[in-house]
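Please open the model in your viewer, with selection by residue number ready and the cartoon and side-chain representations at hand. The tour goes from the whole chain to single residues.

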Amino acid sequence: MADTAGAFPLDCLVIANPTAGTVTEGLVREVAARCGRHTRVSVVRTRAPGDAARAARDAVRGADRARTGEGVRVVVAVGGDGTVLEVVNGLMDGAGPGDRAALLVVPAGTGNSGYRSHWGTRPWEEAVDTALTGLPASLRRLDLARVRERDALVALGAGAGLTAEVLRSARQAPQRGRARLRAGLEHAAARFVPYPGRVSVDGTVVHEGETVLVNVGGGRHRAWQYLVLPQSELDDGLLDVCVVGSGTAPADVPALLLTGEHVDRPGVVYRTGRSVCVERTDGLPLCFEHDGELLADAGTRLTLDVLPGVLPVLCAPRPGPADAKRQERAGSVSEPVR
């Protein structure tokens with residue numbers, strides 16, 4: 001898809017996951033009506049895993065239609081980070097690099113970290129209007145990553161150790177939404193035992209020894225509230241990597257992640273690179289997640305490679321340093337509409 005306003009009209013497909021955290025039929029109708037102010041709209045409601053990817057792939061398949069400006073040009077993912085990942089897989093599989101439709105996210109899941117990485121804390125209604133009227137400034141080509149050993153796409157980010165273990169703990173928490181993720185992290189942190197690990201960036205070992213967590217991405221925030229990669233940019237062609245070693249007690253991690261202060265702790269490594277290898281050196285399998293889903297049978301070693309600038313996304317223009325600081329301050333006191 002050409003990065004110009006002339007590449008549109010914006011035929012728009014809304015893909016809604018009714019099982020996501022806050023998706024209701026009323027919300028789906030509201031999103032469709034909002035998009036309908038700017039373009040022709042159709043709606044697909046998913047019923048099972050894989051439906052979102054299939055709908056996105058089928059909607060954008062066909063390079064001839066894309067080049068002539070006909071057919072779907074924007075795909076709106078209504079759901080959580082898992083729904084977004086499914087839609088991303090469909091967009092990547094459905095067309096070549098120059099013909100992909102643009103992704104637009106409406107947050108309606110538990111964490112909604114993908115939306116926050118695109119739009120910060122602004123309400124989704126404002127984001128939709130800005131995205132569909134602000135072209136070409138709102139169209140950016142963002143980086144993805146791929147787990148080499150699994151040939152799996154990573155949209156938001158990946159984690160090993162404590163920030164993956166939280167997904168297991170959160171299943172038992174009685175709270176709902178982000179409160180459940182926060183309770184899960186605090187529960188896991190109180191019991192977590194660091195594991196022997198190794199992390200390499202572009203072939204160079206940057207950490208070896210006791211490991212509390214490794215985060216690779218991607219978006220700055222995970223579970224909406226945790227600033228795990230505070231220096232990360234969405235379209236710089238690099239993966240950010242943060243490793244928390246034995247210098248930080250696991251029980252201290254939840255509070256530190258809320259502000260990003262973990263990066264200044266002793267034993268913490270923060271790097272950027274194009275390829276990141278995460279290992280567990282005692283022969284036991286890694287506890288590893290990406291995009292909020294645990295990877296079963298992860299093995300002892302996984303490699304993530306950056307895919308620079310491959311995904312067209314409608315999101316806020318890249319902020320300058322002053323804008324980024326204002327956004328972080330706002331995020332510490334604000335909550336989104338949904």
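What follows is a series of selections, each with a note on what is there.

**Before selecting**

This is a predicted model, in which local features need pLDDT of at least 70 and side-chain atom pairs count only at pLDDT 80 or more, while totals for chains, interfaces and linings use all residues. Residues are numbered from 1 along each chain as its sequence is written, and side-chain values use heavy atoms, with hydrogens and water left out.

**The whole chain**

Begin with everything shown as a cartoon: the protein has 10 helices and 17 strands, where helices (H or I, at least four residues) and strands (E, at least two) are DSSP runs numbered from the N terminus. Of the 338 residues, 57% count as buried, a term that stands for under 20% relative accessible area, with exposed being over 50% and partly exposed in between (1.4 Å probe, protein chains only). Switching to a surface, you are looking at about 13900 Å² of accessible area, 49% of which belongs to carbon and sulfur atoms; such areas come from the Shrake-Rupley method with a 1.4 Å probe, and for residues only the protein chains shown count as cover. Among contacts (heavy atoms within 4.5 Å) with a separation of 6 or more, 76% are between residues 24 or more positions apart.

**Helix 2 and helix 4**

Select residues 51–60, which make up helix 2; seven of its 10 residues are buried, and these are Ala52, Ala53, Ala55, Ala56, Arg57, Ala59 and Val60. Now add residues 81–94, helix 4, which packs against helix 2 at an angle of about 30 degrees with the axes 7 Å apart. The axes are lines fitted to C-alpha atoms, for helices over the stretch in contact, and angles run from 0 to 180 degrees between N-to-C directions. That angle makes helix 2 roughly parallel to helix 4, since angles under 35 degrees count as roughly parallel, over 145 as roughly antiparallel, 65 to 115 as roughly perpendicular and the rest as oblique. The crossing is right-handed, meaning that the near helix is turned clockwise from the far one by less than a right angle, whereas anticlockwise would be left-handed. To see the interface itself, show Asp51, Ala52, Ala53, Ala56, Arg57 and Val60 in helix 2, which meet Glu86, Val87, Gly90, Leu91, Asp93 and Gly94 in helix 4.

**Salt bridges**

Side chains of opposite charge can pair when their charged atoms come close. How many salt bridges are there by the rule used here? With a side-chain nitrogen of Lys or Arg required to be within 4 Å of a carboxyl oxygen of Asp or Glu, the count comes to 18.

Select arginine 45 and glutamate 25, whose side chains meet with N and O 2.6 Å apart. Arginine 45 lies in strand 2 (residues 41–45) and glutamate 25 in helix 1 (residues 25–36), so the pair ties together parts that are 20 residues apart in sequence. Arginine 45 is partly exposed at 41% relative accessible area, and glutamate 25 is likewise partly exposed at 36%.

Next, select arginine 34 and aspartate 129, which form a salt bridge with the closest N and O atoms 2.6 Å apart. This pair links helix 1 to helix 6 (residues 124–133), across 95 residues, and aspartate 129 counts as buried at 18% relative accessibility.

Then move to aspartate 305 and arginine 148, bridged at 2.8 Å between the closest N and O atoms. Because aspartate 305 lies in strand 17 (residues 301–314) and arginine 148 in the loop between strand 5 (139–147) and strand 6 (152–154), the pair ties together parts 157 residues apart in sequence. Aspartate 305 is buried, at 18%.

Finally, show Arg198, Glu208, Glu279 and Arg301 together, as these are linked in a network of salt bridges.

**Backbone stops**

Most residues other than glycine have a negative phi, and most peptide bonds are trans. Select glycine 217 and glycine 218, joined by a cis peptide bond with omega about 5 degrees; glycine 218 is in the loop between strand 9 (204–217) and strand 10 (221–222).

Aspartate 291, in the loop between strand 15 (288–290) and strand 16 (293–294), has a positive phi of about 55 degrees and is buried at 3% relative accessibility. Aspartate 297, in the loop between strand 16 and strand 17, has a positive phi of about 50 degrees, but is exposed at 69%.
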